[in-house]
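Welcome! Below are some exercises, each with a worked solution, to help you find your way around. Keep the picture in view as you go.

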Amino acid sequence: MKRVAVLISGRGSNLQALLDAKQDAYEIALVVSNNPEAAGLTLARDAGVEAIAIDHRIYGKDREAFERDVDALLIQRNIQLVALAGFMRVLTPYFVRAWKSRLVNIHPSLLPKYPGTKTHQRALKAGDAEHGCTVHVVVDEVDSGEILGQARLAIEPGDTPETLAARVLELEHQLYPRCLAELARKL
Ligand code: GRF
């Protein structure tokens, strides 16, 4: 069992999916949020998982200082693999290198299409026939890095960014535990 830390900023539905997935490759050993109000912190504690807020605002513009404290906590808790799940801070090369090949993210588009935000809106506007989500290794460039898995769906007539987001989110919840377990087995 690999010890995984999940980094969140908000509601934590992907975190919940990772907690719920029945598999033997990883355990969620720690949840860290940069936002002390994140609902996901409560989800973790309800599941009996240690959940700690490290408020990035305390560090002002010093992103690395924030990341050094997160990194120190991960090391102290013997974390082996880090999963970003709705973590809204762009990480600096310092953290990305420290966790090279052991840091993954889920993104709500079929990368390399639509890195960044408003992915559902952009897929609709482009008239795409399909859309989906991607689990990838984190590298310095945002929403890039080796693709570990994707799940796709057909865009339906009448879809809005909201209906699309809801259907993609269901796919995310299936895809993320599967990809994380596969990576955990390989490490
Ligand atoms: C998900 O859509 C994920 O793909 C993106 O941020 C959202 C997080 O949602 N990176 P949740 O906090 O896991 O519910």
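**Exercise 1. In which sense do strand β4 and strand β5 pair, and over how many bridges?**

Before starting, note that this is a predicted model, in which local features need pLDDT of at least 70 and side-chain atom pairs count only at pLDDT 80 or more, while totals for chains, interfaces and linings use all residues. Residues are numbered from 1 along each chain as its sequence is written, and side-chain values use heavy atoms, with hydrogens and water left out.

Step 1. Find the strands: β4 covers residues 81-84 and β5 covers residues 103-107. Helices (H or I, at least four residues) and strands (E, at least two) are DSSP runs, numbered from the N terminus.

Step 2. Read the pairing: β4 and β5 pair in the parallel sense, over three bridges. Two strands pair if DSSP finds at least two bridges between them.

Step 3. Pick out a facing couple: Ala83 stands opposite Val104 in β5.

**Exercise 2. In what order do the seven strands form the open sheet?**

Step 1. The order is β3-β2-β1-β4-β5-β6-β7, and the pairing is mixed.

Step 2. Look at the edges: β3 and β7 (147-154) each pair on one side only.

Step 3. Check the twist: neighbouring strands of this sheet are turned by 20° against each other on average, direction ignored. Axes are lines fitted to C-alpha atoms, for helices over the stretch in contact, and angles run from 0 to 180 degrees between N-to-C directions.

**Exercise 3. Trace the chain from β1 through α1 to β2, and onward to β3.**

Step 1. Strand β1 (residues 2-8) pairs with β2 in the parallel sense over seven bridges. Within this pair, Lys2 stands opposite Tyr26 in β2.

Step 2. Between these strands the chain passes through helix α1 (residues 13-20), and this β-α-β crossover is right-handed. That term applies if, with the strands pointing away from the viewer, the path from the first strand over the helix to the second runs clockwise.

Step 3. Next, β2, helix α2 (residues 39-46) and β3 make a right-handed β-α-β unit. Four bridges join the parallel strands β2 and β3, and Val32 stands opposite Ile52 in β3.

Step 4. See where α1 lies: it crosses β1, β2, β4 and β5, running at about 155° to β2. Helix α2 also packs on the sheet, touching β1, β2 and β3, and its direction makes about 155° with that of β3.

Step 5. Ask how covered β2 is: seven of the eight residues in this strand (26-33) are buried. Buried means under 20% relative accessible area, exposed over 50%, and partly exposed in between (1.4 Å probe, protein chains only).

**Exercise 4. Is His120 buried or exposed, and what is it in contact with?**

Step 1. Place the residue: His120 is found in helix α5.

Step 2. His120 counts as buried because its relative accessible area is 12%.

Step 3. List the partners, leaving aside neighbours within four places in sequence: His120 is in contact (heavy atoms within 4.5 Å) with Pro108, His131, Pro161, Leu164, Ala165 and Val168.

Step 4. Take one partner further: the C-alpha atoms of His120 and Pro161 are separated by 5.1 Å, although these residues are 41 residues apart along the chain.

**Exercise 5. Where is His56, and which residues does it contact?**

Step 1. His56 sits in the loop between β3 (50-53) and α3 (63-76).

Step 2. With a relative accessible area of 19%, His56 is buried.

Step 3. Apart from neighbours within four places in sequence, its contacts are Asn34, Phe66 and Arg89.

**Exercise 6. Find the backbone features that deserve a second look.**

Step 1. Start from the background: most residues other than glycine have a negative phi, and most peptide bonds are trans.

Step 2. The peptide bond from Leu111 to Pro112 is cis, with omega near 10°. Pro112 lies in the loop between β5 and α5.

Step 3. Tyr114 is in the loop between β5 and α5, and its phi is near 55°, a positive value. Tyr114 is buried, with a relative accessible area of 14%.

Step 4. Asp143, in the loop between β6 (130-137) and β7, has a positive phi near 55°.
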